Each structure stands twice: as C-alpha cells, then as structure tokens.
Amino acid sequence: MPHSPSPDLHAVVREIAEEMRARPDRGEVATYIPELARVDANAFGLVVIDADGTVAAGGDADVAFSIQSISKVFTLTLALGMVGDRLWRRVGREPSGSPFNSIVQLERERGIPRNPFINAGAIAVTDVILSGHQPREALGEILRFMQFLAEDPTIAIDEAVAASELRTGFRNVALANYMKSFGVLDNPVDFTLGVYFHHCAIAMTCRQLARAGRFLAHSGRTPSTGHSVVSAERARRINAVMLTCGHYDGSGEFAYRVGLPGKSGVGGGILAVAPGRASIAVWSPGLDASGNSHLGRIALEALTRRLGWSIF
Ligand code: DON
C-alpha cells in the first residue's frame, strides 16, 4: 500500500517549479549538438520520489528530454556489474577540474581518463560494455537497463539527437582515437562512439529519470519492487563519484550549494540523490558556463535547503 503523501514535499516541489518558471535568467541552451538547440529554454520540470514511493511533481515533469551525460551514471553501473573493480584500471575516479570534453589530461595520464563522467571516461566505460558484442546488442542492454530501473518499457532513444551528434561529435572522435592510440579502447572506435552517442540520446522525462535513480538513494535497491540492482557498497561508491565528478569543473560548486551527489547532462537534466531519502530529477535546458543546468542547480539548492536534505 502506498503511504499517504507528504503535503510538505508536494508543496515545496510545486513552489519551486513556479518560482523557476518565473525567473528570467535561464542560461544558454546547448548548441554544439544542433538538435539540442531546438529545445524550448522556458521548460522546467522537477520530480522527487521519496523512500515511501511518494511522487511529488512540478512543471514539465512528463516532457521527455535528452538525458545526455546523465546516461553515464547508468553505463557506469552496468560496466561495474560486468567487470567489477577491474573497471578502475581503465578509468580513474578523481575530479578532473576540466570541462567535460577536455583532452589535455589524456596525454599526461597516458590515455586513462580522470573519471567515468567526463566524455573520455564515459567513452572508455561504453567500450567495456561493448566488448564482445555488436553495437546494437550493447545499446539494447543499456536501454533495457533504463527501462527496467524506471519500470517503463516506453523509454527510447531520440534518433534525431543521436544522428545530430554523430554528424558533429568531432571532439569525441578525437578523444576516442587518442585513447585508442594508448590501447585504452578494445573495440573499433566507430563502434564504441556509435553506442556512446546513442546512449547519450536516450530521452526520458523527469518522472522516469527519478524512478531510474531510486536504487542509488536506497542502498542499491529499488524500494517499490525490492529489486537489488547493486550492493549497498557499490551504490555508495557511485554516489561518491557523482558528488566529486558529476558536474565536471562545476562539481565543487554543486556540492557547496546543493550538498547532494548529482549528475548533469547538456540536455539540461540533473539526477540528484538524497541518500536514504529520495531520488530527484530536474530539467531546465539552459546551461551555465560549465555546461550544467543553470536553473536545475538553483532549484536543487532551494529544495535541499527547504527540506534540510544536504548530506553535510
Ligand atoms: O558527448 C557529449 O558531448 C554529449 N553527448 C554529452 C555531454 C554532456 O552531457 C555533458 N554534460 N553536462
């Protein structure tokens, strides 16, 4: 039986959605993936799912958006499930202090990306998932994982976004080839990048994303189904990497202001985790200078302050 909803949570989420809708400062929508430039900068959605399964939703909670780098949380989870801690031989887990698409550290660090959330690291993780499979099988695996976590088989890839990035993702092509030259990628570069571009192009609503993130908030288990997705220890560690690396060179600022593990995407989404309390998804397409959702971060800051949810 679902518990009775918490009126406070509903009221806070509604208030924040209204406040964010009214703000004139919306950040800049990403344009380097041409298809993302078409998104309405006025959109705003927020969904919080607490430990009882209560869903508090505000604004455009049911409009699908491109999850982009948020997919990297789920590919990291899958790759750790496949190869365990051996993954950390291929990718580090330190903050980069650099933009998400930076190449500079790769030369100094012999092709080993700093962490699984910068583009180079996520491409290396995708390469692990791909190993021994056809791209379409690996992609199917990732998509089915998202559908399973969100308990929603309708989640799909936005092919227009994937095609747009395939045409314009020259930096990622450079990063992948550079890593390949150090022997960090096993598969043909175009196979790995094809899977990477497509998993970044998965489209989800805030409601679906918050559902998919529940296992991270609840020690590796999805409370509604009782499914154990990962061990409590692994959930804790994924959250730690989200806290330190989930917003690239804006990770310190996000931890300082919001105080929760979170992962952003250039589609303007953020998945945030309040351990033991809630899974939270926010979407506002305008970005700040680090490529993270401008109002998404401000909304999460307001939420954690009003509910006292910072982990610190
Ligand atoms: O590879 C890229 O550039 C995009 N598919 C994902 C980048 C991204 O979402 C960075 N996040 N803020």
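This briefing walks through a sheet and two helix contacts. The model is predicted, and its protein chain averages a pLDDT of 96, with 98% of the residues scoring at least 70. The scores for the model are ipTM 0.98 and pTM 0.97. An open sheet of 5 strands is a good place to start, and from there we move on to the pairs α2 with α5 and α4 with α8.

**The sheet as a whole**

- Reading across the sheet, the strand order is β3-β2-β9-β8-β7, and the pairing is antiparallel.
- The edges are taken by β3 (55-59) and β7 (262-264), each of which pairs on one side only.
- On average, neighbouring strands here are turned by 10 degrees against each other, direction ignored.
- Helix α13 (residues 294-307) packs on this sheet, where it touches β2, β7, β8 (269-274) and β9 (278-283). The direction of α13 makes about 145 degrees with that of β9.

**Strand β9 and its partners**

- If you want to follow one strand in the viewer, try β9: 6 of its 6 residues are buried, so the strand is mostly covered.
- A278, I280 and V282 point one way from β9, while S279, A281 and W283 point the other way; the residues of both sets are all buried.
- On one side, β9 pairs with β2 in the antiparallel sense over 6 bridges, and I280 in β9 has V48 opposite it.
- β8 is also joined to β9 by 6 bridges, and these two strands run antiparallel. Here W283 in β9 has G269 as its opposite residue.
- β8 and β9 form a hairpin with 3 residues between them. In that turn, G276 has a positive phi of about 80 degrees.

**From β2 to the edge strand β3**

- Strand β2 (residues 45-50) connects to β3 through 5 bridges, again with the strands running antiparallel.
- V48 is a handy landmark, as it stands opposite A56 in β3 and also opposite I280 in β9.

**Helix α2 against helix α5**

- Helix α2 (residues 71-83) packs with helix α5 (residues 135-150) at an angle of about 110 degrees, and their axes are 10 Å apart.
- With that angle, α2 and α5 are roughly perpendicular to each other.
- From α2, the contact draws on F74, T75 and L78; from α5, it draws on E141, I142, F145 and M146.
- By class, the residues of this contact divide into 5 nonpolar, 1 polar and 1 charged.

**Helix α4 against helix α8**

- The axes of helix α4 (residues 119-130) and helix α8 (residues 189-200) cross at roughly 110 degrees and come within 9 Å.
- This crossing makes α4 roughly perpendicular to α8.
- On the α4 side you will find A122, I123, T126, D127 and L130, which meet F191, T192, L193, V195, Y196 and H199 in α8.
- The contact of α4 with α8 has 7 nonpolar, 3 polar and 1 charged residues.

**A glycine to look at in α5**

- G140 belongs to helix α5.
- Is G140 buried or exposed? G140 is exposed, because 12 other C-beta atoms lie within 10 Å and a residue counts as exposed at 12 or fewer.
- G140 and H199 are 59 residues apart in sequence, and their C-alpha atoms are 9.5 Å apart in space. H199 is one of the α8 residues that meet α4.

Key: Residues numbered from 1 in each chain as written. Predicted model: local features only at pLDDT ≥ 70, side-chain atom pairs only at ≥ 80, totals over all residues. Axes fitted to C-alpha atoms, helices over the stretch in contact; angles between N-to-C directions. Helix = DSSP H or I, 4+ residues; strand = E, 2+ residues; numbered from the N terminus. Parallel < 35°, antiparallel > 145°, perpendicular 65-115°, else oblique. Contact = placed C-beta atoms within 7 Å. Nonpolar A, V, L, I, M, F, W, Y, C, P; charged D, E, K, R; others polar. Pairing = 2+ DSSP bridges. pLDDT = per-residue confidence, 0-100. Buried ≥ 20, exposed ≤ 12 C-beta atoms within 10 Å, placed from the backbone.
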